[in-house]
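This report describes how the parts of one protein model are arranged. Please keep the structure in view while reading.

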Number of protein chains: 2
Amino acid sequence: MNAPTIAHISCADCPIRHRAVCARCESDELEALDTIKYYRSYEAGQPIIWSGDVMNFVGSVVSGIATLTQTMEDGRTQMVGLLLPSDFVGRPGRDGAAYNVVATTDLVMCCFRKKPFEDMMARTPHIAHRLLEMTLDELDAAREWMLVLGRKTAREKIASLLAIIARRDASLTPEGAVNSMVFDLPLTREAMADYLGLTLETVSRQVSALKKDGVIVLEGKRRVTVPDMGRLMEEAGDDSDGGFLA
Amino acid sequence: MNAPTIAHISCADCPIRHRAVCARCESDELEALDTIKYYRSYEAGQPIIWSGDVMNFVGSVVSGIATLTQTMEDGRTQMVGLLLPSDFVGRPGRDGAAYNVVATTDLVMCCFRKKPFEDMMARTPHIAHRLLEMTLDELDAAREWMLVLGRKTAREKIASLLAIIARRDASLTPEGAVNSMVFDLPLTREAMADYLGLTLETVSRQVSALKKDGVIVLEGKRRVTVPDMGRLMEEAGDDSDGGFLA
DNA sequence: AGTCCCGCTTGATCTAGGTCAAAGTTTGGT
DNA sequence: ACCAAACTTTGACCTAGATCAAGCGGGACT
């Protein structure tokens with residue numbers, strides 16, 4: 001979000017500097033966090049947690065991408081969240097995981113054992129406060145996604161997904177209000193379908209259609225160029241510009 | 001959730017006893033909350049807030065029902081939340097409302113002006129903590145709903161909605177593990193459609209179908225009897241029993 | 001008692017997206 | 001360089017749910 005606020009943080013060696021949980025913390029709180037953290041890496045495709053498992057840690061994604069999914073017994077699955085670097089995983093105060101978490105690329109997490117983290121949360125109001133804010137953001141995102149799932153057409157769904165990924169990417173490499181964007185799709189067609197409540201065939205067709213209509217340009221299957229973000233937002237049926245245009 | 005824990009609360013006159021924000025607070029914190037609260041009532045159909053409006057209060061629903069909705073310019077609308085008594089409205093730390101909030105029945109809210117509430121939150125960690133928990137619950141509900149919207153059939157969607165309403169009702173009048181339930185639908189067919197990402201015609205048809213198949217019994221248009229909750233959960237495609245059966 | 005209005009139901013038809021099937025394409029392993 | 005497995009595209013067809021269009025209560029006014 002606001003890259004500048006990170007600068008004053010003195011937590012030295014964590015690659016993401018606990019941005020997720022500590023954007024506003026004082027440096028000694030960060031140092032305290034440092035004393036209870038550890039790193040853990042996962043390979044692409046590897047499950048991190050299964051729904052219902054006891055989860056004895058919380059943490060932030062340092063690098064790589066993971067998905068949160070829910071599954072019905074007959075195998076229908078719906079992605080309910082996408083974890084990008086700096087996103088937080090875990091539910092302070094809860095024992096079980098509510099969803100499957102799977103690494104879709106090689107992934108590194110910065111973890112805290114749950115108990116010490118909760119103790120620290122009890123001592124440092126900033127952290128609880130920051131966590132509340134992050135959870136509210138996630139809630140907003142989930143609800144925005146409900147509109148996508150419930151009311152948008154397949155083409156609008158694809159455009160919405162591309163817009164979200166572009167937006168996330170933009171916030172990682174901010175350089176003013178550029179109107180065009182290039183990024184790599186971090187998801188297979190199937191994963192996109194699971195995110196959008198579609199089949200992978202429909203995803204493929206709609207991606208092709210957007211390409212044919214010049215809304216996006218593809219190099220290979222994964223590298224996407226969006227010549228005009230405004231046009232893409234329009235295709236997404238989204239009035240809000242998502243913060244792209246000042 | 002856990003009705004027993006409410007008993008020790010001494011906040012005297014608030015009909016919902018601030019259960020929403022204070023299930024675990026000490027009594028003097030509740031009294032402090034009492035000093036900054038006020039009540040406000042709305043008529044059925046009346047908007048409470050529009051998306052984007054500045055929102056200078058937070059609060060809990062005391063009685064009645066409200067809906068959270070998001071709308072696209074062309075009028076397509078998706079309900080993203082349902083507020084029942086004891087549910088909390090508002091986003092500490094945020095200025096604007098993110099959705100439309102509309103009273104669907106006559107409704108009373110117990111409100112706190114935002115600034116004093118936030119001050120109090122900063123002073124009493126319990127409240128921030130409780131709010132985080134509630135937000136996590138809402139996030140879980142939203143994500144469960146994403147599965148419903150993205151992957152369930154119309155019939156399963158209806159069954160899921162009925163199950164959710166029944167569950168909420170059951171928690172208000174707890175009397176052991178009853179297997180059958182009676183409740184009033186608080187929503188019109190159109191509101192149900194907006195919740196489920198369907199049209200009102202499809203809702204009507206599927207309700208009729210469930211009735212024909214004996215999954216539910218209707219008295220009039222609104223009063224619903226579910227002879228067998230297990231059967232309903234099954235129709236919802238939901239493996240978890242939702243806490244009905246011990 | 002009548003009638004107007006709003007919410008609901010039911011029927012007939014249409015279509016977006018799902019399903020099934022068959023090739024293409026990339027990737028990585030040997 | 002070759003091959004297998006995984007991913008993707010494209011085509012032909014089908015179905016769940018949308019859309020369009022009548023009616024049907026039932027309660028709130030006069």
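At what angle do the axes of helix 6 of chain B and helix 7 of chain B cross? The structure is a predicted model, in which local features need pLDDT of at least 70, side-chain atom pairs count only at pLDDT 80 or more, and totals for chains, interfaces and linings use all residues. Residues are numbered from 1 along each chain as its sequence is written, while chains are lettered from A and ligands numbered from 1 in the order in which they are written.

**Two helices of chain B**

The axes of helix 6 (residues 189-196) and helix 7 (residues 200-212) of chain B cross at roughly 100° and come within 8 Å. Helices (H or I, at least four residues) and strands (E, at least two) are DSSP runs, numbered from the N terminus; axes are lines fitted to C-alpha atoms, for helices over the stretch in contact, with angles from 0 to 180 degrees between N-to-C directions. Helix 6 and helix 7 of chain B are therefore roughly perpendicular to each other, a term for angles of 65 to 115 degrees. Among the residues of helix 6 of chain B that meet helix 7 of chain B are Met192(B) and Leu196(B); contact requires C-beta atoms, placed from the backbone, within 7 Å.

**Helix 6 of chain A**

In chain A, helix 6 (residues 189-196) is mostly covered, with 6 of its 8 residues buried. A residue is buried if 20 or more other C-beta atoms, placed from the backbone, lie within 10 Å of its own. One of the buried residues is Tyr195(A). Gly197(A) follows helix 6 of chain A and has a positive phi, near 70°.

**Contacts between larger parts**

An automatic or database domain assignment gives chain A domain 1 (3-145) and domain 2 (153-235). Their contact takes 10 residues from domain 1 of chain A and 8 residues from domain 2 of chain A. Between the chains, 34 residues of chain A are in contact with 33 residues of chain B. Helix 4 (125-151) of chain A gives the largest share of the chain A side, 19 residues.

The table sorts residues by class: Ala, Val, Leu, Ile, Met, Phe, Trp, Tyr, Cys and Pro count as nonpolar, Asp, Glu, Lys and Arg as charged, and the others, Gly among them, as polar.

| Set of residues | Nonpolar | Polar | Charged |
|---|---|---|---|
| Side of domain 1 of chain A that touches domain 2 of chain A | 4 residues | 6 residues | no residues |
| Contact of helix 6 of chain B with helix 7 of chain B | 5 residues | 1 residue | 2 residues |
| Side of chain A that touches chain B | 15 residues | 9 residues | 10 residues |

Key
Buried ≥ 20, exposed ≤ 12 C-beta atoms within 10 Å, placed from the backbone. Contact = placed C-beta atoms within 7 Å. Parallel < 35°, antiparallel > 145°, perpendicular 65-115°, else oblique.
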